[in-house]
Amino acid sequence: MKAKHKLRQAIDTLYSRGQAATEEAYTQLVLDCTRVNDVELAKRLQSHMDLNFYEPNTTFLHNRLLHFYAKSGKLFYARDLFDKMPLRDIISWNALLSAHARSGSVQDLRALFDKMPIRDSVSYNTAIAGFANKGFSREALQVFSRMQKDRFEPTDYTHVSALNACAQLLDLRRGKQIHGKIVVGNLGGNVFVRNALTDMYAKGGEIDKARWLFDRMNNRNLVSWNLMISGYLKNGQPKKCIDLFQEMQLLGLNPDEVTVSNILGACFQTGRIDDAGRLFHVIKEKDNVCWTTMIVGYTQNGKEEDALILFNEMLSEDVRPDKFSISSVVSSCAKLASLYHGQVVHGKAVVLGVDDDLLVSSALIDMYCKCGVTDDAWTVFNMMPTRNVVSWNSMINGYAQNGQDLEALALYDKLLQENLKPDSFTFVSVLSACLHADLFERGQNHFDSISAVHGITPSLDHYACMINLLGRSSDVDKAVDLIKSLPHKPNSLIWSTLLSVCAMKGDIKHGEMAARHLFELEPINAGPYIMLSNMYAACGRWEDVASIRSSMKSKNVKKFAAYSWIEIDNKVHKFVSEDRTHPETEIIYEELSKLIKKLQEAGFSPNTKLVLHDTQEEEKVKSICYHSEKLALAYCLIKKPHGVTPIRIMKNIRVCGDCHLFMKFASDIIGRTIILRDSNRFHHFVGGNCSCKDNW
């Protein structure tokens, strides 16, 4: 600070004298500006020269200023000085070229390079590095070829830039040619060249070649280890990534943020989520990438609550979230159907200025839709400055899943009017909307258009939608005929869709056929066993129910736990059927009993046909009356007896027919909207009706 103060005083003194200084004085002051790294003082000194019409006899003084401006990223200053220089040499041109390479546009860099009256190896190296660093790899390699034609020998610095360009383009052929020239010229001893070669082979998919080079490096640095670890991760070998990290630790090398973020990614890919958490918390220096990797990893591995907790920690540590961390946290809120937390994160995105980002906006649309608030999703969608097909899909699917099927189909028509090309996922949403709205002919037309109009090969997801449409609209035989004509071998989705249709239609024959295929494809999946058992129980075939149970036991098929959850005062409460673990169990059951009595007085009668056990009617009633979503509803009525906002309940499997009817009656009796999200779709219960129109 003292040196800067003295320098400022010296320049002030120059201005007070009102005349040009000597060349020696100007030179010393320019050198002082570069030493204290104050580009504004240097610019002020140049202004003094301009005001006093000072013109140095050589290019040295101006070239030093040019280099300083280029290094400081001050392209405008450099351009202004260059245009005023009475004398220019190759060093002047290279300095301006460097300024453009650091801060200018690629087009301006190319134009200046072509305009140079003379070039040397520095000119070529600057241009090649400038193009490569800005992602214009083809241009970098073109200049690299031109350099050799003009008989300038590439240096190690040149080779690093050229190899980086090959890595960006995944151009192994060109990269190997450069590698060959390095070997023939007995070059490449430099660690930077070896690192660039390792990176080029790793990104090009020849990870074993990259490892061969890595193992023969005598002067490996931290970048070398990071490139190799990253290479394993990108080539789908996370275990080797972790093994190399452990080898690195044994050698006593300290990882940096790049190492940690790669290892965290490898841990998540190998299912070592706890290891990722431990590693993350022992690392003292964590950058934004490390935090984001953890949040994304938690979100993708079903640890949504951990993702939210970590996001709060990230904010408390004053680490600025980016669009990737924000969108991942929003996705966690969507999976939890936590509207409160989703709104809080939305607010943070607005403050950070990333709410208009495509990734964030699409995640927000999905979150609001999965919380059953399509109006807010539409507001986000409508305010987006630009939209891609993912944004449109999120909104179309959101409408379809929330029973607003005509809105979904209208939005699809608008997508076509905007001359956007729908993708495979678009048609899954469109066909689902047609299914839920009983628009069977329209669904068939949309299905036919997938390949005929839009040139997309229908996937098994599309065929599953059509099987559902055909099975519900006419008879199951047509759905079975479609399965027989499939161009692909039917997968579990196809057979489970048919089984679901058969369960709705009461078609035991085809249901048994679908179940047999599912038993072969997914022998330990309890879903098909339970669904077939439900079908047997519904028509009183108790021996077959017992046989299914016996088969599940012999094959060690475990029934997955069905549960519901509800958010009250920003805290999630989870329930299972006939749950008595909640600390307020007694008053929950008391409240539910009161509600059941009111509903029965209004005409509700429990559907005991859905009970899988051959027991007395009284026991069946008890069994079905205490399903998890009913307990969640009762708890909400205890905590929010006079609430006016919709009651939101989430369930991890499909809602049963009895609970669906129960919620319809309850919405009318208590006078409140109930939004129930199950594994299939949303059910908005309002005044005794459901948005699904009993088609779920």
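Helices (H or I, at least four residues) and strands (E, at least two) are DSSP runs, numbered from the N terminus. This is a predicted model, in which local features need pLDDT of at least 70 and side-chain atom pairs count only at pLDDT 80 or more, while totals for chains, interfaces and linings use all residues. Residues are numbered from 1 along each chain as its sequence is written, and side-chain values use heavy atoms, with hydrogens and water left out.

**Figure 1. Two spans annotated as PPR repeats.** The unreviewed UniProt entry places the feature "repeat: PPR" at several spans, including residues 190–220 and 287–321. UniProt positions are given in the numbering used here, feature names are shortened, and annotations may be inferred rather than shown by experiment. Residues 190–220 are 71% helix and 0% strand, and their end C-alpha atoms lie 10 Å apart. For residues 287–321 the span is 74% helix and 0% strand, with end C-alpha atoms 10 Å apart.

**Figure 2. Surroundings of Met200 in helix H12 (residues 191–203).** Met200 has a relative accessible area of 2% and is therefore buried (buried means under 20% relative accessible area, exposed over 50%, partly exposed in between; 1.4 Å probe, protein chains only). Apart from neighbours within four places in sequence, Met200 is in contact (heavy atoms within 4.5 Å) with Leu163, Cys166, Ala167, Leu172, Gly175 and Lys176. Met200 and Ile326 are 126 residues apart in sequence, and their C-alpha atoms are 32 Å apart.

**Figure 3. The largest nonpolar core around Leu498.** A nonpolar core is a set of buried Ala, Val, Leu, Ile, Met, Phe, Trp, Tyr and Cys residues joined through side-chain atoms within 4.5 Å. The largest such core has 179 residues, and within this core Ile326 and Leu498 touch the most other members. Helix H28 (residues 460–473) gives the most to this core, with 8 residues. Leaving aside neighbours within four places in sequence, the contacts of Leu498 are Ile467, Val476, Ala479, Val480, Ile483, His510, Met513 and Ala514. A second, separate core of 33 residues includes Ala634, Cys659, Phe662 and Phe685.

**Figure 4. Two serines in helices, Ser394 and Ser533.** Ser394 lies in helix H24 (residues 389–401) and counts as buried because its relative accessibility is 13%. Not counting residues up to four places away in sequence, Ser394 touches Ser362, Ile365, Asp366 and Cys369. Ser533 is found in helix H32 (residues 526–538) and is buried, with a relative accessible area of 4%. The C-alpha atoms of Ser533 and Gln404 are separated by 33 Å, with the two positions 129 residues apart along the chain.

**Figure 5. Lining of the second largest pocket.** On a 1 Å grid over the protein atoms alone, a cavity is a set of points where a 1.4 Å probe fits but cannot get out, and a pocket is an open set with protein on both sides within 12 Å along at least five of seven lines; lining residues have an atom within 4 Å of a point. The second largest pocket is lined by 20 residues, and Glu567, Ile568, Thr645, Pro646 and Arg648 lie nearest its centre. Helix H21 (339–352), strand E1 (563–568) and strand E3 (647–651) are the elements that give two or more residues to this lining.

**Figure 6. Loop residues with positive phi, Arg151 and Asn556.** Most residues other than glycine have a negative phi. Arg151, not a glycine, has a positive phi of about 65° and is found in the loop between helix H9 (137–149) and helix H10 (156–169). Arg151 is exposed, at 76% relative accessible area. Asn556 has a positive phi of about 60° and lies in the loop between helix H33 (542–554) and E1.
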